[in-house]
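Please open the model in your viewer, with a cartoon display to begin with and the sequence panel within reach. The tour starts with the whole chain and then moves into the sheet.

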Amino acid sequence: MPIPTYDVFQVIADPSRRQILRMLTKGTYNINSLAENFEMSRPAVSKHIKILHTAGFISIQEIGRERHCVLNQEGFNELKAWINHFDEFWNSKLKNLETVLKNKKN
């Protein structure tokens, strides 16, 4: 069975997955401790975890019998590249505006 690929924007579009990512900025959590923060079943939380893991946003570390979720920078790279593209676009536009305004002033 092929591993599904996810569009990063579809992955972060879900509010529960965004909340999981925010929680993981504070430390590692096992799946049960993550599930306690949601009004959904543990299997539903596990499905979100699997999507985040497959998309590269988190990694799973086996510690004893528990599986702990940890943020993984790799998943955010595509988002950063997309945002950086638009940052460069707007910075270029602002530089052009600054040049026009300086030329008008002189």
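The radius of gyration used here is taken over C-alpha atoms, and the rule for a globule is 2.2 Å times the number of residues to the power 0.38. With the whole protein chain selected, keep in mind that a compact globule of 106 residues would have a radius of gyration near 13 Å, whereas this chain has 20 Å. Turn the C-alpha trace along its principal axes, and its span is about 70 × 35 × 25 Å.

Before going further, note that this is a predicted model, in which local features need pLDDT of at least 70 and side-chain atom pairs count only at pLDDT 80 or more, while totals for chains, interfaces and linings use all residues. Residues are numbered from 1 along each chain as its sequence is written, and side-chain values use heavy atoms, with hydrogens and water left out.

Colour next by secondary structure, where helices (H or I, at least four residues) and strands (E, at least two) are DSSP runs numbered from the N terminus. The protein chain shows 5 helices and 3 strands, and reading along the sequence gives the pattern α-α-β-α-α-β-β-α.

Switch to a surface view, for which accessible areas come from the Shrake-Rupley method with a 1.4 Å probe, and for residues only the protein chains shown count as cover. The accessible surface of the protein chain comes to about 8000 Å², and 53% of this belongs to carbon and sulfur atoms. Buried residues (under 20% relative accessible area, with a 1.4 Å probe and protein chains only) make up 26% of the 106 residues.

Now select residues 58-63 and 66-71, which are strand 2 and strand 3. Two strands count as paired if DSSP finds at least two bridges between them, and strand 2 and strand 3 pair in the antiparallel sense over 6 bridges. Together they form a hairpin with 2 residues between them, and G64 in the turn has a positive phi of about 65°. Within the hairpin, E62 stands opposite R67, and Q61 has H68 as its bridge partner.

Add residues 29-30, strand 1, which pairs with strand 3 in the antiparallel sense over 2 bridges. Which residue of strand 3 does N30 stand opposite? N30 faces H68, the residue that is also the bridge partner of Q61.

Finally, show the 3 strands together as an open sheet in the order 1-3-2, with antiparallel pairing. Strand 1 and strand 2 stand at the edges, each with a single partner strand, so one side of each is left without a neighbour in the sheet.

Technical notes
Buried < 20%, exposed > 50% of the residue type's maximum accessible area, 1.4 Å probe, protein only.
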